[in-house]
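Got your viewer open? Let's take a walk through this structure, one selection at a time.

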Amino acid sequence: MICNTFDQYGTVSKIFHWVLFLLITGMLIFGFLLKDVPKTYQVYTSNIHKVMGVITLVLMLARLLWLRFNNNPSTFLHVPKWQRWLEHGIHISLYVTIIAMPLVGWMGSSSANKAPHLGGMILKLPIPQDRQLVKVLFEIHNYLAFVIIGLISLHLSAALYHYYILKDELMMRMMPKQNKRLFL
């Protein structure tokens with residue numbers, strides 16, 4: 001099943017979800033460790049981080065495009081309305097921050113004249129060089145990392161609450177195998 005159904009996520013949605021999860025988790029860890037990389041390697045590791053950020057941005061935009069033309073499975077009827085609103089708000093917040101973070105980092109790198117590059121192709125945005133702008137953009141970029149960590153924590157907590165406390169199949173809809181409990 002490639003597309004989503006009324007009660008299940010399809011293969012494409014699952015691939016987007018898990019690939020983005022792995023990329024974002026890796027990028028957050030990698031980003032926090034960049035300052036600990038020896039100076040001789042920082043140019044390379046920093047560029048890898050930037051390129052992976054651009055890839056994350058492109059994949060997130062592709063995911064939104066997929067969502068635009070593909071219905072989401074319905075929320076379970078037993079879930080109170082306030083929880084559905086909260087779920088919707090957290091998802092929107094995740095999407096916005098996951099788009100904003102790499103975009104802001106890309107803008108900061110372009111303004112610092114250190115845009116990401118793939119071989120000879122420089123991925124520079126038309127942003128003026130401005131030290132103060134660079135400082136502000138990277139402060140926002142760093143702040144967004146903590147916002148994303150908080151939102152992912154809420155998202156994961158809700159999934160685990162449904163799985164372990166409510167014992168419903170909400171979380172299983174995004175797992176690779178359907179209708180099988182993964183954990184105790």
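Before we select anything, one bit of vocabulary: a helix axis here is a line fitted to the C-alpha atoms over the stretch in contact, and the angle between two axes runs from 0 to 180 degrees between their N-to-C directions. Also keep in mind that you're looking at a predicted model.

**Stop 1: two helices side by side**

Select helix α3, residues 81-111, and then add α4. Their axes are 8 Å apart, and the two pack at an angle of about 150°. Anything over 145 degrees counts as roughly antiparallel, so that label fits α3 against α4. The crossing of α3 and α4 is left-handed. What classes of residue make up the contact of α3 with α4? There are 20 nonpolar and 11 polar residues, with no charged ones.

**Stop 2: zoom out**

Now show the whole chain as a cartoon. You should find four helices and two strands. Follow the chain along its sequence and you'll pass them in the pattern α-α-α-β-β-α. Taken along the principal axes, the C-alpha atoms fill a box of roughly 55 × 30 × 30 Å.

Try colouring by burial next: of the 184 residues in the chain, 37% are buried. And how do contacts link up the sequence? Take the contacts in the chain with a separation of 6 or more: 63% of them are between residues 24 or more positions apart.

**Stop 3: α1 meets α4**

Keep α4 (residues 131-166) on screen and bring in helix α1, residues 11-33. The axes of α1 and α4 come within 11 Å and cross at roughly 135°, which means α1 is oblique to α4. This crossing is left-handed.

Show side chains to see who does the touching:

- From α1, pick His17, Ile24, Leu28 and Phe32.
- From α4, pick Ala145, Phe146, Ile148, Ile149, Ile152 and His155.

Sort the residues of this contact by class and you get eight nonpolar, two polar and no charged.

**Stop 4: aromatic rings**

Time to look at rings. The model has three aromatic pairs, and we'll visit two of them. Start with Phe32 and Phe146: the ring centres are 5.4 Å apart and the planes sit at 55°, so this pair is tilted. Phe32 is in helix α1 and Phe146 in helix α4, so the pair ties together parts that are 114 residues apart in sequence. Is each ring's residue buried or exposed? Phe32 is partly exposed, with a relative accessible area of 32%, while Phe146 is exposed, at 53%.

Next, select Tyr163 and Tyr164. Their rings form an edge-to-face pair, with 5.0 Å from centre to centre and 85° between the planes. Switch on a surface and check each one: Tyr163 is buried, with 0% relative accessibility, whereas Tyr164 is partly exposed, at 34%.

**Stop 5: His49**

For the last stop, click on His49, which you'll find in helix α2 (residues 39-68). Buried means under 20% relative accessible area, so His49, at 14%, counts as buried. Which residues is His49 in contact with, leaving aside its neighbours within four places in sequence? Select Met27, Phe30, Gly31, Leu34 and His141, and you have them.

Conventions. Residues numbered from 1 in each chain as written. Predicted model: local features only at pLDDT ≥ 70, side-chain atom pairs only at ≥ 80, totals over all residues. Heavy atoms only, no water. Parallel < 35°, antiparallel > 145°, perpendicular 65-115°, else oblique. Left-handed = near helix turned anticlockwise from the far one by under 90°. Contact = heavy atoms within 4.5 Å. Nonpolar A, V, L, I, M, F, W, Y, C, P; charged D, E, K, R; others polar. Phe/Tyr/Trp six-rings, centres within 6.5 Å; stacked < 30°, edge-to-face > 60°. Buried < 20%, exposed > 50% of the residue type's maximum accessible area, 1.4 Å probe, protein only.
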